[in-house]
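Reader: I would like to learn how to read a structure feature by feature. Where should one start?

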Amino acid sequence: MADATRDFFHSLARRGHDPRLKAIGAGSVRFDVSRGGQVDHWLVRIGDGDVTVSEESTGGDAVVRADRAVFDRIASGEAYFLTTVLRGEATVEGTPRIFAVIRRLFPPPPASGARRRGGDGA
């Protein structure tokens, strides 16, 4: 069975350098992903566009918390990160500038039905 969350973090680790993240300068985000009373921790460090990932339970200039089912949807592109935060399905604490950049780590938002039909809403 596929593990969207683990696959997402492993793909970030393989990414290495992402020029879209240069704007952040340097910073880190810890993701606390919970399921059944267990919490997996992923620390993503960004420095001048370079990305490293480790499984650490401390640190982070910002912390994102979400249930595993929610994060699996985000990681697979079925749900948009910002939308889940606005709905209260995921929470973010910490430095706002990092939050503005970390959303770039995730797949783009799913296309709406209107966009798939040409944007006229019909």
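The dialogue below goes from the overall fold to single residues.

Author: Start with the kind of model and its overall make-up. This is a predicted model. The protein has five helices and five strands, and from the N terminus on the elements run α-β-β-β-β-α-α-β-α-α.

Reader: What percentage of the 122 residues is buried, and how much accessible surface does the protein have?

Author: Buried residues are 34% of the 122. The accessible surface comes to about 6600 Å², and carbon and sulfur atoms account for 51% of that surface. On contacts, take those with a separation of 6 or more: 63% of them are between residues 24 or more positions apart.

Reader: Which residues of the largest nonpolar core touch the most other members?

Author: The core has 28 residues, and the ones touching the most other members are F8, F9, F31, V44, F71, L105 and F106. At least two core residues come from each of α1 (4-15), β1, β2 (38-47), β4, α2 (68-76), α3 (81-86) and α4 (96-102). Helix α2 contributes the most, with four residues. For a single member, look at F106: apart from residues up to four places away in sequence, F106 touches F8, F31, F71, I74 and F81.

Reader: Several of those are aromatic. How should I read an aromatic pair?

Author: Two values describe a pair of aromatic rings, the distance of the centres and the angle of the planes. This structure holds ten aromatic pairs. In the pair of F8 and F9, the ring centres are 5.1 Å apart and the planes stand at 75°, so the pair is edge-to-face. Both of these residues are buried. The pair of F8 and F71 is also read this way: with centres 5.9 Å apart and planes at 70°, the pair is edge-to-face.

Reader: Why does the pair of F8 and F71 tie together parts that are 63 residues apart in sequence?

Author: Because F8 lies in helix α1 and F71 in helix α2, the pair links parts 63 residues apart in sequence. F8 has a relative accessible area of 5% and is therefore buried, given that the cut-off is under 20%. F71 is buried as well, at 1% relative accessibility. One aromatic cluster takes in F8, F9, F31, W42, F71, F81 and F106.

Reader: Let us turn to the strands. How many bridges join β2 to β3, and what is the bridge partner of V44 in β3?

Author: Strands β2 and β3 run antiparallel and are joined by five bridges. The partner of V44 is V53. The two strands form a hairpin with two residues between them.

Reader: And how do I read a backbone angle in such a turn?

Author: Start from the general case: most residues other than glycine have a negative phi. D48, in the loop between β2 and β3, has a positive phi near 55° although D48 is not a glycine. D48 is partly exposed, with a relative accessible area of 45%.

Reader: There are other aspartates. Is D32 buried or exposed, and which side chain does the side chain of D32 join in a polar contact?

Author: D32 belongs to strand β1 (residues 26-35) and is buried, at a relative accessible area of 8%. A polar contact of 2.7 Å links the side chain of D32 to that of H41. Setting aside residues up to four places away in sequence, D32 touches V39, D40, H41, V63, V64, R65 and A66.

Reader: Where is D18, and what can be said of its side chain?

Author: D18 sits in the loop between α1 and β1. D18 is buried, with a relative accessible area of 5%, and the side chains of D18 and R15 make a polar contact of 2.9 Å.

Reader: Which residues is D61 in contact with, leaving aside neighbours within four places in sequence?

Author: They are G27, S28, E93, G94, T95 and I98. D61 lies in the loop between β3 (50-54) and β4 (62-67) and is partly exposed at 36% relative accessibility. To read sequence distance against space, take D61 and G94: they are 33 residues apart in sequence, while their C-alpha atoms are 5.8 Å apart.

Terms used:
Residues are numbered from 1 along each chain as its sequence is written. This is a predicted model: local features need pLDDT of at least 70, side-chain atom pairs count only at pLDDT 80 or more; totals for chains, interfaces and linings use all residues. Side-chain values use heavy atoms; hydrogens and water are left out. Buried means under 20% relative accessible area, exposed over 50%, partly exposed in between (1.4 Å probe, protein chains only). A polar contact is a pair of N or O atoms within 3.5 Å; within protein, one must be able to donate a hydrogen and the other to accept it, and residues adjacent in sequence count only if both atoms are side-chain atoms. Contact means heavy atoms within 4.5 Å. A nonpolar core is a set of buried Ala, Val, Leu, Ile, Met, Phe, Trp, Tyr and Cys residues joined through side-chain atoms within 4.5 Å. Two strands pair if DSSP finds at least two bridges between them. Rings of Phe, Tyr and Trp (its six-membered ring) pair if their centres lie within 6.5 Å; planes under 30 degrees apart count as stacked, over 60 as edge-to-face and the rest as tilted. Accessible areas come from the Shrake-Rupley method with a 1.4 Å probe; for residues, only the protein chains shown count as cover.
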